[in-house]
Amino acid sequence: MAQKKCVGCGIELQNKDANVVGYTPKEIKKNEDMYCQRCFQLNHYGKHSMNTLTRDDYRKEVNSLMDEVELAIAVFDIIDFEGSFDDEILDILREKESIVVINKLDLIPEEKHPSEVANWIKNRLEEESIVPLDIAIVSTKNGYGVNGIFKKIKHFYPDGVKAMVIGVTNVGKSSVINRLLGKRITTVSKYPGTTLKNNLNIIPLTNIGLYDTPGLIPKGRASDLLCECCAEKLIPSSEISRKTYKGEINKVIMIGNMLKFKILEDKEENIKPIFSIFAAKDVPFHVTNAERAIELEISNYFDLPCSLCNEEYKKNKKVKKFFKLNTGEELVFKGLGWISVKKGPLLLEVVIPEKIDTLVRKAFINPKR
């Protein structure tokens with residue numbers, strides 16, 4: 001007989017050892033929805049306990065469904081799109097029919113229309129040779145667009161389907177499933193690695209089965225180099241912050257104690273660049289000069305990273321990178337934010353931990369002056 005599983009994270013339940021995942025102090029009843037103690041504490045008290053699953057563990061768990069499901073529903077975070085645009089997710093989308101869900105629309109500045117978002121996403125997918133059945137732009141926070149996902153599934157699979165909901169950690173997979181189910185079943189939290197095992201749920205009155213899968217752990221995100229408290233500050237909970245600057249040559253802009261960049265002179269064009277920085281509201285920016293920036297770093301002027309993880313963060317090898325960004329281009333720091341150029345070119349010298357991935361892309365949000 002199959003062992004009873006936690007409806008929140010999919011882990012097999014046991015009531016013998018409180019130090020082992022899946023523990024519940026309750027009697028395990030066959031015909032009752034039950035949560036493990038970890039999910040219960042997350043749901044009711046926001047209390048989080050670390051799990052020990054690795055990137056390989058998550059990969060094996062997700063790959064085990066490949067022969068069982070027909071449809072992949074891939075959830076991406078529009079605010080940290082590049083950080084959620086993981087190669088392993090893309091490989092699945094090349095192999096399976098898919099519906100792409102873009103979450104957290106509510107965090108985008110209002111002037112960006114959902115149709116613009118969809119067109120931008122479509123172009124990014126085409127660059128990776130991915131053509132989904134459809135794209136849904138949603139906000140699981142307020143429910144916008146979620147019913148559209150259900151309609152798209154019914155349109156392409158009128159007789160029902162088994163689908164796996166995939167994505168990296170913290171993109172909102174479980175929130176998408178809960179909205180589609182019409183009730184809060186799977187455990188939702190701000191912490192990575194909440195879902196531990198594949199967990200099948202059936203949308204009421206349909207033949208549509210949705211597997212909640214563990215979030216794949218991506219590489220290159222700034223947020224994954226910090227403690228949970230600091231990482232939480234990098235994940236926007238309200239509309240993303242935008243600050244616009246006129247580029248003064250040799251000025252240094254610090255993003256907390258995490259990275260810094262200096263504005264360089266463009267000897268070919270005598271243009272004063274204008275650019276914006278986008279990040280969560282709790283992420284501090286500071287304009288200074290090169291000497292003062294070093295002093296502030298030494299004194300730990302910013303509380304990001306915090307005193308608990310600052311020393312560990314400093315151990316990351318830093319590299320110096322140079323970028324020339326033209327008007328309408330953005331420089332992305334995965335898991336942190338991005339710089340968008342309103343008037344270019346903008347020449348930058350960036351000092352950043354080697355483990356944080358950067359890339360240049362066509363502007364998603366064109367900054368105002």
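In which loop is serine 129 found? Select it and see. Serine 129 sits in the loop between α5 and β3. Keep in mind that this is a predicted model.

**Stop 1: the loop after α5**

Stay on serine 129. Its phi is positive, about 60°, although the residue is not a glycine. Is serine 129 buried or exposed? Its relative accessible area is 63%. Exposed means over 50%, so serine 129 is exposed.

Now select proline 132. This residue lies in the loop between α5 (114-127) and β3 (134-137). Proline 132 has a relative accessibility of 16%. Buried means under 20%, so proline 132 counts as buried. What does proline 132 touch, beyond its neighbours within four places in sequence? Show Ser98, Val100 and Leu125: proline 132 is in contact with them. Draw a distance from proline 132 to valine 100, C-alpha to C-alpha. You should get 6.5 Å, for two residues 32 apart in sequence.

**Stop 2: the loop before α5**

Go to lysine 104. This lysine lies in the loop between β2 (97-103) and α5. Check its backbone. Phi is near 75°, a positive value in a residue other than glycine. Lysine 104 counts as buried, because its relative accessibility is 13%.

**Stop 3: two helices that cross**

Select residues 146-156 for helix α6 and residues 173-181 for helix α7. Two packed helices are described by the angle between their axes and the distance between the axes. Here the axes come within 9 Å and cross at roughly 75°. The two helices, α6 and α7, are therefore roughly perpendicular to each other.

Which residues of α6 meet α7? Show the side chains of Val146, Ile149 and Phe150 in α6. Their partners in α7 are Val176, Arg179 and Leu180. By class, this contact holds five nonpolar residues, one charged residue and no polar ones.

**Stop 4: lysine 197**

Move on past α7. Lysine 197 is in the loop between α7 and β5 (199-202). This lysine counts as partly exposed, since its relative accessibility is 32%. Leave aside its neighbours within four places in sequence. Lysine 197 is then in contact with Cys9, Gly10, Ile11, Glu61, Asp212 and Pro214. Next, select threonine 213. Its C-alpha is 6.2 Å from that of lysine 197, though the two residues are 16 apart along the chain.

**Stop 5: two cis bonds**

Which bond joins glycine 344 and proline 345? Zoom in on the backbone. The bond is a cis peptide bond, with omega about 10°. Proline 345 lies in the loop between β14 (337-343) and β15 (346-353).

Now find leucine 304. The peptide bond from leucine 304 to proline 305 is also cis, with omega near 0°. Proline 305 is in the loop between α9 (290-298) and α10 (310-314).

**Last stop: the whole chain**

Zoom out and switch to a cartoon view. How many helices and strands are in the chain? Count 10 helices and 16 strands. The radius of gyration is 22 Å, close to the 21 Å that the globule rule gives for 369 residues, so the chain is as compact as a globular protein of that length. Its C-alpha trace spans about 70 × 45 × 30 Å along the principal axes.

Turn on the surface. The accessible surface comes to about 17800 Å². Carbon and sulfur atoms account for 47% of that area. Of the 369 residues, 54% count as buried. Finally, take the contacts between residues at least 6 apart in sequence: 73% of them join residues at least 24 apart.

Definitions and conventions. Residues are numbered from 1 along each chain as its sequence is written. This is a predicted model: local features need pLDDT of at least 70, side-chain atom pairs count only at pLDDT 80 or more; totals for chains, interfaces and linings use all residues. Side-chain values use heavy atoms; hydrogens and water are left out. Axes are lines fitted to C-alpha atoms, for helices over the stretch in contact, and angles run from 0 to 180 degrees between N-to-C directions. Helices (H or I, at least four residues) and strands (E, at least two) are DSSP runs, numbered from the N terminus. Angles under 35 degrees count as roughly parallel, over 145 as roughly antiparallel, 65 to 115 as roughly perpendicular and the rest as oblique. Contact means heavy atoms within 4.5 Å. Ala, Val, Leu, Ile, Met, Phe, Trp, Tyr, Cys and Pro count as nonpolar, Asp, Glu, Lys and Arg as charged, and the others, Gly among them, as polar. The radius of gyration is taken over C-alpha atoms; the globule rule is 2.2 Å times the number of residues to the power 0.38. Buried means under 20% relative accessible area, exposed over 50%, partly exposed in between (1.4 Å probe, protein chains only). Accessible areas come from the Shrake-Rupley method with a 1.4 Å probe; for residues, only the protein chains shown count as cover.
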